[in-house]
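Me: Hi! Could you walk me through this structure with me?

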Amino acid sequence: MAASNSGTDRKALVDKFGRRVDYIRLSVTDRCDFRCVYCMTEEMTFLPRKEILSLEELFLIAKAFVDLGVTKIRLTGGEPLVRSDVLSLVERLGQLTDLEELLITTNGAQLDKYAEPLRAAGVTRVNVSIDSLNAERFKRISRVGKLDKVLEGIEAARAAGFNRVKLNSVIMRGYNEDEVIDLAEYALARDIDIAFIEEMPLGEASDHAREDTTCSNAWVRELLNSRFELSESAAKTAGPSRYVDVKGYKSRIGFISPVTHNFCGDCNRVRVTVEGRLLLCLGNEHSMDLRAILRAEDFSEANLRDAIVAAMDLKPERHYFYEKDHAQPIRLMNMTGG
Ligand code: SAM
Ligand code: SF4
């Protein structure tokens, strides 16, 4: 059934700083089949089932946002493809007529199985996270992941005909900083984009001190300059990446630099955790409990929309990563929705 937006204000999501929110990242699970060192601890306790939103509840939240003018939804987690039946949610989202883009961020380990059905259900773009092309290293970073499966997944995504497949790599000193050029070459040779991400201080995930491992994207770019001819790209995306074109190649290289380059001024997105917590900012705890509204006796879609509109006033101006006078987030990334 196609959703209607009659009676709703499709421009209602504007925060106190005049930023319009038209993009949500919806986490469908906190679970994952990997344990990446920057994202999770080795021994994780996941949320009990009753605390996580049902697929119906996730759909109602997504629909409320679309009714309020959101045009882009990214499904994430945890690993979205470990949630059984995720495809039935994707199929319903794919039918929301006002939704222009439906994306998924995945570790790729199950894409060989899921790429085609995701495409058929309406997913337009896929991001695959890959931090190393060396099987042993890949295992060290993901703690349990298998590189072969991810490479197969990337090929399946390319074959499935998405509008775009993009790779994401978190570069960390002492783990993979010497693979920047190899990762870029791998992506460019396949005409797919790659974005390098600075590691963010989200929770205590690992045995490494993040301040020792975080590589600035200025450093990554300098390294790439030694191998490729880069020029600023005119292409703008509705996300935080800043892109460069690469002479001789069709695809682009992106930089997501939350730590060294504060991009909060044009932030257009919010996140919803799988517990139904609407997070107004990746680096702050300001939030609203949408699950309580969904499970209230007097629940209505109008109540849900009103709560979402009211929450816009809670969106903070910016994050304060590594700023000593400000508390750092204690949420791990798998709880946040990357
Ligand atoms: N499991 C999926 C995946 O790995 O793509 C989706 C969820 S994951 C949390 C989304 C993205 O967040 C991944 O690209 C991952 O590399 C990134 N990420 C996780 N923890 C991070 C951190 N502390 N700093 C920067 N990026 C992080
Ligand atoms: Fe799982 Fe993605 Fe976190 Fe890695 S980054 S542990 S794949 S949720």
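Me: How are α1 and α10 oriented to each other?
Reply: Helix α1 (residues 55-67) and helix α10 (residues 301-311) cross at roughly 65°, and their axes come within 10 Å. Therefore α1 and α10 are roughly perpendicular to each other; angles of 65 to 115 degrees count as that, under 35 as roughly parallel, over 145 as roughly antiparallel and the rest as oblique. The axes are lines fitted to C-alpha atoms over the stretch in contact, and angles run from 0 to 180 degrees between N-to-C directions. Helices are DSSP runs (H or I, at least four residues), strands are E runs of at least two, and both are numbered from the N terminus.

Me: Is this a predicted model, and what should I keep in mind?
Reply: This is a predicted model, where local features need pLDDT of at least 70 and side-chain atom pairs count only at pLDDT 80 or more, while totals for chains, interfaces and linings use all residues. Residues are numbered from 1 along each chain as its sequence is written, chains are lettered from A and ligands numbered from 1 in the order in which they are written, and side-chain values use heavy atoms, with hydrogens and water left out.Me: Thanks! Which way does that α1 and α10 crossing turn, left-handed or right-handed?
Reply: The α1 and α10 crossing is right-handed, meaning the near helix is turned clockwise from the far one by less than a right angle (anticlockwise would be left-handed).

Me: And what about α3 and α5, at what angle do they pack?
Reply: Helix α3 (residues 111-121) and helix α5 (residues 147-160) pack at about 20°, with their axes 8 Å apart. That makes α3 roughly parallel to α5.

Me: On to ligand 1. How many residues surround it?
Reply: There are 19 residues around ligand 1, and the closest are Y38, G78, E79, S129 and M200. To be counted, a residue needs a heavy atom within 4 Å.

Me: Which polar atom of E79 lies 3.1 Å from a ligand 1 nitrogen, side-chain or backbone?
Reply: For E79, a side-chain atom. G78 instead uses a polar backbone atom, 3.1 Å from a nitrogen of ligand 1, and a backbone N or O atom of M200 lies 2.7 Å from a ligand 1 nitrogen.

Me: How much of ligand 1 does the protein cover?
Reply: The protein covers 95% of the 540 Å² of accessible area that ligand 1 has on its own, by the Shrake-Rupley method with a 1.4 Å probe.

Me: Last one: which residues surround ligand 2?
Reply: They are C32, F34, R35, C36, Y38, C39, M40, G78 and N107.

Key
A polar contact is a pair of N or O atoms within 3.5 Å; within protein, one must be able to donate a hydrogen and the other to accept it, and residues adjacent in sequence count only if both atoms are side-chain atoms.
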